[in-house]
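The following exercises are to be worked with the sequence and the coordinates at hand. Each task is followed by a solution in steps.

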Amino acid sequence: MDSLQKNTQYNTGCAEALCGTCPNTAHSGAEAACFADAFISDFTDPLFRKAFRQYFAELCITVENWDEIFREMNDGKTFAFVRTDAADGGIIGFLLFSPISFSSWFFEQTCGFIREFWVAEARRGGGHGTALLHLAEQYFTAQGWSVSILTTDTAAEFYRKNGYALLPDCRAKNEEEVFARRLDANGAKRHCVVVR
């Protein structure tokens, strides 16, 4: 993960399996589909802009100045993974993240903060969310961040299934529940997800 460059395609290791070129016969099947994951560090990238606009459209949120939103994301500390359908280029989902530091007079810790996370409604339940989450967790551990933290008001059960725990004594400014997961030294366990 250290070698991720600005806005590069990143192969999760599962795409070949899902396309049928993987020698592991457990990965073949008619329901398998191909996808690509892109690492985004420049939010002028049309791929991310398309994904973010679809997300806001699904939420019925109107934005007057998209350029300003994307300009604010280009702070050099915010990144994303965007998953697309390799066959038609359609957006499957994205995960937007940045480092967040907690410090006191004695302790300091930087965590991977999942800021926004979305999978297109038609693609939910097929393992894409879990795969995107694992990509982010692998990136976090490569940076030396041993904790992933986020807030949610809609997907608590999804995060619990992925090893996250509610932090009842941690308060978020958006008043949503806070969840965190300690990551092992090897990052998130690498899973090959069969996508339906």
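A residue is called buried when its relative accessible area is under 20%, exposed when that area is over 50%, and partly exposed in between. By this rule Arg124, with a relative accessible area of 43%, is partly exposed. The model under study is a predicted one.

**Exercise 1. Overall architecture**

Task: State how many helices and strands the protein chain has, and give their order.

Solution.
Step 1. The count gives 5 helices and 8 strands in the protein chain.
Step 2. Read from the N terminus, these elements follow the order β-α-β-α-α-β-β-β-α-β-α-β-β.
Step 3. The chain comprises 196 residues, and 44% of them count as buried.
Step 4. Of the contacts between residues at least 6 apart in sequence, 64% join residues at least 24 apart.
Step 5. The accessible surface amounts to about 10700 Å², with 50% belonging to carbon and sulfur atoms.

**Exercise 2. A salt bridge between two strands**

Task: Determine which parts of the chain are tied together by the pair Arg83 and Asp37, and whether each residue is buried or exposed.

Solution.
Step 1. A search of the whole structure yields 7 salt bridges. Arg83 and Asp37 form a salt bridge in which the closest N and O atoms are 2.7 Å apart.
Step 2. Arg83 belongs to strand 3 (residues 79-85) and Asp37 to strand 2 (residues 35-40), so the pair ties together parts that are 46 residues apart in sequence.
Step 3. Arg83 has 0% relative accessibility and therefore counts as buried. Asp37 also counts as buried, because its relative accessibility is 1%.

**Exercise 3. Two further salt bridges**

Task: Locate the partners in the salt bridge of Glu58 with Arg124 and in that of Arg160 with Glu157, and classify their exposure.

Solution.
Step 1. In the salt bridge between Glu58 and Arg124, the closest N and O atoms are 2.3 Å apart. This pair links distant parts of the chain, 66 residues apart: Glu58 lies in helix 2, whereas Arg124 lies in the loop between strand 5 and helix 4.
Step 2. Glu58 is partly exposed, its relative accessible area being 31%; Arg124 is partly exposed at 43%.
Step 3. The side chains of Arg160 and Glu157 meet in a salt bridge with an N to O distance of 3.8 Å. Both residues lie in helix 5, where they are 3 residues apart, about one turn of the helix.
Step 4. Arg160 has a relative accessible area of 39% and is thus partly exposed. Glu157 counts as partly exposed at 45% relative accessibility.

**Exercise 4. The surroundings of Ala136**

Task: Establish whether Ala136 is buried or exposed, and which residues Ala136 touches.

Solution.
Step 1. Ala136 is placed in helix 4 (residues 128-142).
Step 2. The relative accessible area of Ala136 is 0%, so this residue is buried.
Step 3. Leaving aside residues up to four places away in sequence, Ala136 touches Phe81, Leu95 and Phe97.
Step 4. Ser148 is 12 residues from Ala136 in sequence, and the C-alpha to C-alpha distance between them is 8.8 Å.

**Exercise 5. The largest pocket**

Task: Identify which element gives the largest share of the lining of the largest pocket.

Solution.
Step 1. The largest pocket has a volume of about 710 Å³, and 26 residues line this pocket. Phe117, Trp118, Thr154, Ala155 and Tyr159 lie nearest its centre.
Step 2. The elements giving two or more residues to the lining are helix 2 (46-58), strand 5, helix 4, strand 6 (147-152) and helix 5 (156-161).
Step 3. Strand 5 provides the largest share, 6 residues.

**Exercise 6. Loop residues**

Task: Describe the nonpolar surface patch that includes Phe106, and the backbone of Cys60 and Glu175.

Solution.
Step 1. Trp105, Phe106 and Phe107 make a nonpolar surface patch of about 500 Å². Phe106 sits in the loop between strand 4 (91-103) and strand 5 (108-119) and counts as exposed at 57% relative accessibility.
Step 2. Most residues other than glycine have a negative phi.
Step 3. Cys60, in the loop between helix 2 and helix 3 (66-73), has a positive phi near 60 degrees. Cys60 is exposed, with a relative accessible area of 69%.
Step 4. Glu175 has a positive phi of about 65 degrees and is found in the loop between strand 7 (165-166) and strand 8 (177-182). Its relative accessible area is 75%, so Glu175 is exposed.

Conventions. Residues are numbered from 1 along each chain as its sequence is written. This is a predicted model: local features need pLDDT of at least 70, side-chain atom pairs count only at pLDDT 80 or more; totals for chains, interfaces and linings use all residues. Side-chain values use heavy atoms; hydrogens and water are left out. Patches are made of residues with over 30% relative accessible area and no salt bridge: like charges are joined within 9 Å, nonpolar side chains (Val, Leu, Ile, Met, Phe, Trp, Tyr) within 5 Å. Accessible areas come from the Shrake-Rupley method with a 1.4 Å probe; for residues, only the protein chains shown count as cover. A salt bridge is a side-chain nitrogen of Lys or Arg within 4 Å of a carboxyl oxygen of Asp or Glu. Helices (H or I, at least four residues) and strands (E, at least two) are DSSP runs, numbered from the N terminus. Buried means under 20% relative accessible area, exposed over 50%, partly exposed in between (1.4 Å probe, protein chains only). Contact means heavy atoms within 4.5 Å. On a 1 Å grid over the protein atoms alone, a cavity is a set of points where a 1.4 Å probe fits but cannot get out, and a pocket is an open set with protein on both sides within 12 Å along at least five of seven lines; lining residues have an atom within 4 Å of a point. Grid points are joined across faces, edges and corners, and a volume is the space filled by probe spheres set on the points.
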